[in-house]
Amino acid sequence: MGLLALAACSSGAGDDAETDASPDGGTEIRLWLNGTDTSDELREYLITTFAEENPGSTLVIEEQDWNGLVPRLQTALTSADQTPDVVEIGNTQTPTFAYAGAFSDVSDLYEEVGGEKLLQGFVDAGKVDDTVYALPYYSGARAVFYRKDLFAAAGVSVPTTLAEFNDAAVKLQAANPAGTPNFSGFWFPGQDWYNGTAWIYTHGGELAVKDGDEWAGALSSPESQEALAEVQTLFQTGTSAPKDADSNEPWVPFNNGEAAMFSAPTWARWSIDLPECNKAVDPEDESEEAKALRTEQQKCNEEKTGVFALPGTEAGTPATVFAGGSNLAIPAKSENQELAQSLLKIIFSEEFQVMLGANGLIPGNSEYASSLGDDVYASAALDAALGAKLTPAAEKWADVEGARILEDFFQQVASGADLKTAAAEADQLLADTLN
């Protein structure tokens, strides 16, 4: 489905005359955040700080699922009654909504919240001509987490090239050092195009390319075909993950001993909870004893888990992974434009940007990248981010995601489809959708 319904959106600021009322009679604004990347600590900071800086007004955070986000936005952003006041939107989805006029012009905020220090690839995704409609929230380039004990038991070393990584996944799968049914050397579900794209980009391929005014799918190129052959081998001999599943929560099978490796943004370190490390601490217990047990549990998890940037075709160079992450935008239909801008200023404050880094997210303002720290997780995140790449900045890319073209294509690859035939069909779908 296209985004033609959004064409009626005004790109100007809304009128603050009619607003949602908060319980105390002030103004209530709504922030849509997607998934669990933004921790409870960060959410509480935003709610508290917003109330302090905007007396009488209230911030309500509503969590959205990444799955199905595009159609929900298509509906919400066309209505002043339904629209949130600030939205988190995937960097790959941003161009479509920016071109459609769904977001307010935030060019005046651009310099104030960081200017050229902001992640420019994300800024470009939210820009139409010279007008800025979305600002970078965070980046989360993927790194590989692995079980040190399973690597040792299978006689596998940390790979230094992409070919070595492929071999390691297959060897671990065959060895099954955990003795777990349906064990995976590398957790790689069939619809996981986010990770699969890394092979395409690293081999010099593309998802789609622009020729003049027209877009063309690029999965049939020699470079993409070489990459997809490796991906198909991994699907067949390096993973037991379901072919009809996506990349959601890959740490769950890892925690269960069902996989030796998984790939995710490095904030996933906080989701690793190996059974042998679990202290069964009540998450609501704030006693010193409980805090000490949680610290001990995290230390145990990190002692047994390693992390590295997916390697490239040559030793010493990282793969070109998909640059995950989000932008933030103010919907044009929001009737609380000034309060929405106030929230963005809080998000881009030094304190909150540093908190993003401390939570394993690469801040939208690169000036605060050092807040990631200097441990192995920070190093892996920054190594992965160096060459990370976005999807094509096509006006209708969100339509590609809404139609799940890449999920369906990679599921075909995982199911053993002929690569040339499947790629040709997907390329046609990409061209038809993008044009």
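Here are some friendly notes on this predicted model, point by point.

1. **The three-stranded sheet.** A good place to start is the open sheet of 3 strands, ordered β10-β7-β11 and paired in the antiparallel sense. The edges are taken by β10 (261-265) and β11 (305-308); each has a single partner strand, so one side of each has no neighbour in the sheet. From one strand to the next, the twist averages 30 degrees. In general, strands of a sheet pair through backbone hydrogen bonds, in either a parallel or an antiparallel way.

2. **Strand β7 and its partner β11.** If you would like to check one pairing by eye, take β7 (residues 142-147), which is joined to β11 by 4 antiparallel bridges. Which residue of β11 is the bridge partner of Arg147? That partner is Thr305. Helix α14 (residues 376-386) lies across β7 and β11, and runs at about 25 degrees to β11.

3. **Ala309, just along the chain.** Ala309 belongs to the loop between β11 and β12. With a relative accessibility of 17%, Ala309 counts as buried, because the cut-off for that class is under 20%. Setting aside neighbours within four places in sequence, Ala309 is in contact with Ala380, Asp383 and Ala384. Ala309 and Ala323 are separated by 14 residues in sequence, and their C-alpha atoms lie 13 Å apart in space.

4. **The disulfide.** The count for this model is 1 disulfide. Cys277 and Cys300 form it, with an S to S distance of 2.0 Å. Cys277 sits in the loop between β10 and α11 (288-304), while Cys300 is in helix α11; the two are 23 residues apart, and the pair links distant parts of the chain. Is this disulfide left-handed or right-handed? The torsion about the S-S bond is about -65 degrees, so the disulfide of Cys277 and Cys300 is left-handed. Both ends are covered: Cys277 is buried at 0% relative accessibility, and Cys300 is buried with a relative accessible area of 15%.

5. **Strand β12, covered along its length.** How many residues of β12 (residues 325-329) are buried? The strand is mostly covered, with 5 of its 5 residues buried. Gly325, Asn327 and Ala329 point one way, Ser326 and Leu328 point the other way, and all are buried. Two pairings are worth a look here. Strand β3 (residues 86-90) runs antiparallel to β12 and is joined to it by 4 bridges, with Gly90 having Ser326 as its bridge partner. Strand β6 (residues 135-139) is likewise antiparallel to β12, again with 4 bridges, and there Leu135 has Leu328 as its bridge partner.

6. **Helix α2 and what covers it.** In α2 (residues 69-76), the buried residues are Leu69, Val70, Leu73, Gln74 and Ala76. Which elements help to cover the buried residues of α2? They include the strands β1 (28-34), β2 (58-64) and β3, together with the helices α3 (94-99) and α15 (397-402). Strand β3 thus turns up again, having already appeared as a partner of β12.

7. **The α9 and α17 packing.** Two packed helices are described by the angle between their axes and the distance between the axes. For α9 (residues 222-237) and α17 (residues 419-434), the angle is about 120 degrees and the axes are 11 Å apart. The crossing of α9 past α17 is right-handed. On the α9 side, Gln225, Leu228, Ala229 and Gln232 take part, meeting Leu419, Lys420 and Ala423 of α17. By class, this contact has 4 nonpolar, 2 polar and 1 charged residues.

8. **Two backbone spots to inspect.** Most residues other than glycine have a negative phi. Asp129, however, has a positive phi near 55 degrees. Asp129 lies in the loop between β4 (127-128) and β5 (131-132), and is exposed, with a relative accessible area of 69%. Arg404 also has a positive phi, of about 55 degrees, without being a glycine. Its place is the loop between α15 and α16 (405-414). Is Arg404 buried, partly exposed or exposed? At 29% relative accessibility, Arg404 counts as partly exposed.

Notes. Residues are numbered from 1 along each chain as its sequence is written. This is a predicted model: local features need pLDDT of at least 70, side-chain atom pairs count only at pLDDT 80 or more; totals for chains, interfaces and linings use all residues. Side-chain values use heavy atoms; hydrogens and water are left out. Two strands pair if DSSP finds at least two bridges between them. Axes are lines fitted to C-alpha atoms, for helices over the stretch in contact, and angles run from 0 to 180 degrees between N-to-C directions. Contact means heavy atoms within 4.5 Å. A disulfide is a pair of cysteine sulfur atoms within 2.5 Å. Buried means under 20% relative accessible area, exposed over 50%, partly exposed in between (1.4 Å probe, protein chains only). A crossing is left-handed if the near helix is turned anticlockwise from the far one by less than a right angle, and right-handed if clockwise. Ala, Val, Leu, Ile, Met, Phe, Trp, Tyr, Cys and Pro count as nonpolar, Asp, Glu, Lys and Arg as charged, and the others, Gly among them, as polar.
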